[in-house]
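Trainee: I am new to this structure, and I would like to take a close look at one part of it rather than hurry over everything. Could you choose a single strand and lead me outward from there?

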Amino acid sequence: MLKQRSEDEFNIWLHSKHVVDLYTKRVKKLSPEMTCAKQAAQIISRNLKNNETLLDCGCGTGWFYHSIKKFSPNVNYWGFDKTKKFIEIGKKYLPKFGLDPSHLIVGDISYVQGKFDHVLCMNVLSNIENW
């Protein structure tokens, strides 16, 4: 018998309750900000102008939105992640902090079309199964 397998079956993030809980706490601002996120936001904000776009590749739940908004409140933040559950969590909680839920997209880089002024890819490469 042939069985179709889901990509989620091999998605390590969905097999870790700890990671799902942590990413949910981060997006709800119930977990301390990561030092690397704060540093990245500081560096990126030096070059961001009002209303410029930032694409967060592999955004998880979109928790970096909080870090960048502290330094660049007028940034036009967009994020995508391959893990549908993370995007659903971000869409649930980030609108309370001002993010349009349509700015979070499920998929990988091959699904993204458009122009962005700045692109962030933080903590992603070490988590790709075949990099």
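Mentor: What follows starts from one strand, S1, and moves outward to its neighbours, the helices and a few loop residues.

Please keep in mind throughout that this is a predicted model. For orientation, the protein holds four helices and four strands, and, when read along the sequence, these elements come in the pattern α-α-β-α-β-α-β-β. Of the 131 residues in the protein, 40% are buried.

Strand S1 covers residues 53-57 and is mostly covered, for five of its five residues are buried. If you follow the side chains along the strand, Thr53, Leu55 and Cys57 point one way, while Leu54 and Asp56 point the other way, and all of them are buried.

Next, consider what lies beside the strand. S1 is joined by five bridges to strand S2, residues 76-81, and these two strands run parallel; within this pairing, Asp56 has Gly79 of S2 as its bridge partner. S1 is also joined to strand S4, residues 118-120, here by three bridges and again with the strands running parallel, and in S4 it is Val119 that stands opposite Leu55.

These pairings belong to a wider arrangement, an open sheet of four strands in the order S3-S2-S1-S4, with parallel pairing. The edge strands of this sheet are S3, residues 104-106, and S4, each of which pairs on one side only, and from one strand to the next the twist averages 20°. On the far side of S2 from our starting point, so to speak, the order of the sheet places S3, and S2 and S3 pair in the parallel sense over three bridges, with Asp81 having Val106 of S3 as its bridge partner. Across S2 and S3 lies helix H4, residues 84-93, which runs at about 160° to S3.

Let us return to S1 and follow the path that leads from it to S2. Together with helix H3, residues 64-71, the strands S1 and S2 make a right-handed β-α-β unit. Helix H3 in turn packs with helix H2, residues 35-45, at an angle of about 45°, and the axes of the two helices are 8 Å apart. An angle under 35 degrees would count as roughly parallel and one from 65 to 115 as roughly perpendicular, so the angle between H2 and H3 makes H2 oblique to H3. The crossing of H2 and H3 is right-handed, and the contact is made by Ala37, Lys38, Ala40, Ala41, Gln42, Ile44 and Ser45 on the side of H2, and by Phe64, Ser67, Ile68 and Phe71 on the side of H3.

In the loop between H3 and S2 you will find Val75. With a relative accessible area of 8%, Val75 falls under the 20% that marks a buried residue, and it is therefore counted as buried. Leaving aside its neighbours within four places in sequence, Val75 is in contact with Leu48, Glu52, Leu54, Ile68 and Lys69. Two of these names have come up before, since Leu54 is a residue of S1 that is buried and Ile68 takes part in the contact of H3 with H2. Val75 and Tyr65, which are ten residues apart in sequence, lie 9.2 Å apart in space from C-alpha to C-alpha.

The loop between H2 and S1 contains Asn51, and this residue makes a contrast with Val75, because its relative accessible area of 57% is over the 50% needed for exposed. Most residues other than glycine have a negative phi, yet Asn51, although it is not a glycine, has a positive phi of about 65°. Lys29, in the loop between helix H1 and H2, likewise has a positive phi, near 65°, and is a residue other than glycine.

Ser31 is found in that loop between H1, residues 17-27, and H2 as well, and its relative accessible area of 19% makes it buried. Apart from its neighbours within four places in sequence, Ser31 is in contact with Leu22, Lys25 and Arg26.

As a last remark on the whole protein, among its contacts with a separation of 6 or more, 70% are between residues 24 or more positions apart.

Terms used:
Residues are numbered from 1 along each chain as its sequence is written. This is a predicted model: local features need pLDDT of at least 70, side-chain atom pairs count only at pLDDT 80 or more; totals for chains, interfaces and linings use all residues. Side-chain values use heavy atoms; hydrogens and water are left out. Buried means under 20% relative accessible area, exposed over 50%, partly exposed in between (1.4 Å probe, protein chains only). Two strands pair if DSSP finds at least two bridges between them. A crossover is right-handed if, with the strands pointing away from the viewer, the path from the first strand over the helix to the second runs clockwise. Axes are lines fitted to C-alpha atoms, for helices over the stretch in contact, and angles run from 0 to 180 degrees between N-to-C directions. Angles under 35 degrees count as roughly parallel, over 145 as roughly antiparallel, 65 to 115 as roughly perpendicular and the rest as oblique. A crossing is left-handed if the near helix is turned anticlockwise from the far one by less than a right angle, and right-handed if clockwise. Contact means heavy atoms within 4.5 Å.
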